[in-house]
Amino acid sequence: MKAVSKLLQKIPPSTLSCSYRYSSSLQETSSLLNDFTNFCYHRDLPRAMHALETMEKHGVYADAVTYSNLIKCCLAHKAVREGKRLHHHVFSNGYAPKTFLINTFLNMYVKFNLLEEAQKLFDEMPERNVVSWTTMISAYSYVKLNDMAMKLFVLMVREGVMPNMYTFSSVLRACERLYDVKQLHCSMVKVGLESDVFVRSALIDVYSKLGELLEAMNVFREMVTGDNVVWNSIIAAFAQHSDGDEALYLYKSMGRASFPADQSTLTSVLRACTSLSLLELGRQVHVHVLKFDQDLILNNALLDMYCKCGSLEDAKFIFNRMAGKDVISWSTMIAGLAQNGFSMEALNLFGSMKVQGPKPNHITILGVLFACSHAGLVNEGWYYFRSMKTLCGIDPGREHYGCMLDLLGRAGKLDDMVKLIQEMNCEPDVVTWRTLLDACRAHRNVDLAAYAAKEIQKLDPQDIGAYVLLSNIYANSKRWSDVAEVRKAMRVRGLRKEPGCSWIEVNKKIHAFILGDKSHPQIDEIDKQLNQFISRLSGAGYVPDTNFVLQDLEGEQGEDSLRNHSEKLAIVYGIMSFPKEKTIRIWKNLKICGDCHIFAKLIAKLEQRHIVIRDPIRYHHFKDGVCSCGDYW
DNA sequence: CTAGGGTTAG
């Protein structure tokens, strides 16, 4: 009897009087309520809903806590209809629900992605507390309706409702301007909320999104107590901004501070390995990844690491083994194959994706066009480009036009390029004109090149590439006075071409070779070896291709400057450091020049080596005197 | 009843 009276205490007074009036007995009332509460507790939605109906018939009503349990039940079952019915049921009984119960419905609508319903309920609420406001702000920031989230935050403060740490971490996601973040940051410090770990990671995240890594680092450093999410936030920040070194350093510190690495940590670490081309470290991380075997995002990052580090065997192994591959997995593998020169395999994979994979997205198509472009498959390129709308439902964007222009440019179809630029659905930008300019240089069209270069200079007067290419074109056509003029214009603006630089990983250390830099401790030995190789290759018919000297504005003239190209030094150092069976992997900041390309092919044959060079655009696999790019890049 | 971190291209 004590239990029954305890149950009845939970029933709102207005409801209670109802239950006395209509129910047949007190015993029956309590047993109905008991059943209902039990069903809710066990998340048995159908029975709970049924019990509720029976209760209604007897004029018995549950209390707010039980209702909120039932709502949780609906959420767990994704039962939208039942949730709505519950909502109308509660509101039609003539008693005003408490704010916290309405908040629960608010939350339910948000979780069901019914933002309009939530907003309507929010507007009709007799009073709104921090939780009501925060629920709405969080809902809008989650779907990137940032203006709405910011607007609600301002309204909330104006109405005198104090934001708490939940509110701040929600509203931070919606900030698009540094000014707003700083303002919020100040308010948080004032009320002493900035030490909350949720707020802290949200701050790090938003500073990182705005590119303010120093601010992000400051927030991180001030941390007294933290958790692994805060660590993950700061590691992700650096990994996403291509500062792999810092990301890896923080990863090590995280371990020293005894915070365990989880899926999120490892994903960022792999991304760092990818951007630094650290295949060996990536392999070590792979071992830890095995603990999170079913994590899709993590496996995608692993897959990308193997692709970008040029180890396609590993990438294919991972890809074939992955269960539940998504668009990103497929796109990564297709682009990986294409970038490593396996265009036909990439196109075949796209074929099977259409049969048995997820729906391709605009990035998938980019990989496909890239494959066509780098294999010189003009007709196939046109086919995929023209049919992407009907086959995949994707309108060509700026990048797709860019890929097509690249394809046409490589194939020397300059007229088609101009036509395509005219029919583009967006304004040509610097990249568009640079693609045209590159094509003009490769196919010696001086007049069109000059036109493109001038368009570039209109859009970006600081663009070094335009000057360099224009100068090279004039040089190739022996128009020396024009060359002098371009160089003078560069000097006046204080522009210098970035020096060529190549990296190679030996014994887990990165060795950098920069054009004209002699600081490597073994440079004398490398030089000696290089000279020996060159004379041996000369015997086999190697002639330095001085045509490419003309691309090198800063270098000295003649064979000497070619001889010192950083990738040659890196290749020789790789041969010196590695046994024959180990693949030599080199990373380069500029596109490989024609002479180094020939050199790499010949030396791969002479020394029986497998050499992989990754430039900013693609990969070259040298083996047995040929390159995977088919001399087309 | 309300809050934080990770993957493809450019």
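This passage walks through a predicted model of a protein chain and a DNA strand, starting with the whole chain and ending with a few single residues.

Chain A is built from 34 helices and six strands. Its C-alpha atoms take up a box of roughly 110 × 55 × 50 Å along the principal axes. How does the radius of gyration of chain A stand against that of a compact globule of 633 residues? Such a globule would come out near 26 Å, but chain A has 32 Å. As for burial, 48% of the 633 residues count as buried. Contacts across the sequence can be looked at too: taking those between residues at least 6 apart, 62% join residues that are at least 24 apart.

Next comes the DNA. There are 47 residues around DNA strand B, and those that come nearest are Asn232, Asp262, Arg271, Asn300 and Lys308. On the DNA side, sugar and phosphate make up 43% of the strand B atoms that come within 4 Å of the protein. Sorted by character, the residues of this surface split into 13 nonpolar, 22 polar and twelve charged. Which helix gives the most to the surface near DNA strand B? That is helix α15, covering residues 228-240, with six residues.

Some individual atom pairs fill in the picture at the DNA. Ser201 places a polar side-chain atom 2.7 Å from a base nitrogen of DNA strand B. With Gln263 it is a polar backbone atom that sits 3.4 Å from a base nitrogen of the strand. Ser264, in turn, has a side-chain N or O atom 3.2 Å from a sugar or linking oxygen of DNA strand B.

Away from the DNA, helix α33 (residues 566-577) makes a handy check on helix geometry. At 1.5 Å a residue, its twelve residues should span 16 Å, and its end C-alpha atoms are indeed 16 Å apart, so the two values agree. This helix is mostly covered, with ten of its twelve residues buried. The buried ones include Leu569, Ala570, Ile571 and Val572, and also Glu567 and Lys568. Ser577 belongs to α33 as well. Is Ser577 buried or partly exposed? Its relative accessibility is 30%, so it counts as partly exposed. The side chain of Ser577 reaches back to the backbone oxygen of Tyr573, at 2.7 Å, and Tyr573 is itself among the buried residues of the helix. Ser577 and Asn507 are 70 residues apart along the chain, yet their C-alpha atoms are separated by 9.1 Å.

Another helix residue worth a look is Thr104, found in α7 (residues 99-111). Thr104 has a relative accessible area of 17%, under the 20% cut-off, and therefore counts as buried. Setting aside its neighbours within four places in sequence, Thr104 touches Ser68 and Ile71.

Finally, two loop residues have a backbone angle that deserves a mention. Most residues other than glycine have a negative phi. Ser277 is not a glycine, but its phi is positive, at about 55°. Ser277 sits in the loop between α17 (263-276) and α18 (279-289), and with a relative accessible area of 19% it is buried. Asp624 also has a positive phi without being a glycine, at about 50°. The loop that holds Asp624 runs between two strands, β5 (619-623) and β6 (626-627).

Definitions and conventions
Residues are numbered from 1 along each chain as its sequence is written. Chains are lettered from A and ligands numbered from 1 in the order in which they are written. This is a predicted model: local features need pLDDT of at least 70, side-chain atom pairs count only at pLDDT 80 or more; totals for chains, interfaces and linings use all residues. Side-chain values use heavy atoms; hydrogens and water are left out. Helices (H or I, at least four residues) and strands (E, at least two) are DSSP runs, numbered from the N terminus. Buried means under 20% relative accessible area, exposed over 50%, partly exposed in between (1.4 Å probe, protein chains only). Contact means heavy atoms within 4.5 Å. A residue is near a molecule or strand if one of its heavy atoms lies within 4 Å of it. A polar contact is a pair of N or O atoms within 3.5 Å; within protein, one must be able to donate a hydrogen and the other to accept it, and residues adjacent in sequence count only if both atoms are side-chain atoms. Ala, Val, Leu, Ile, Met, Phe, Trp, Tyr, Cys and Pro count as nonpolar, Asp, Glu, Lys and Arg as charged, and the others, Gly among them, as polar. The expected span of a helix is 1.5 Å times one less than its number of residues. The radius of gyration is taken over C-alpha atoms; the globule rule is 2.2 Å times the number of residues to the power 0.38.
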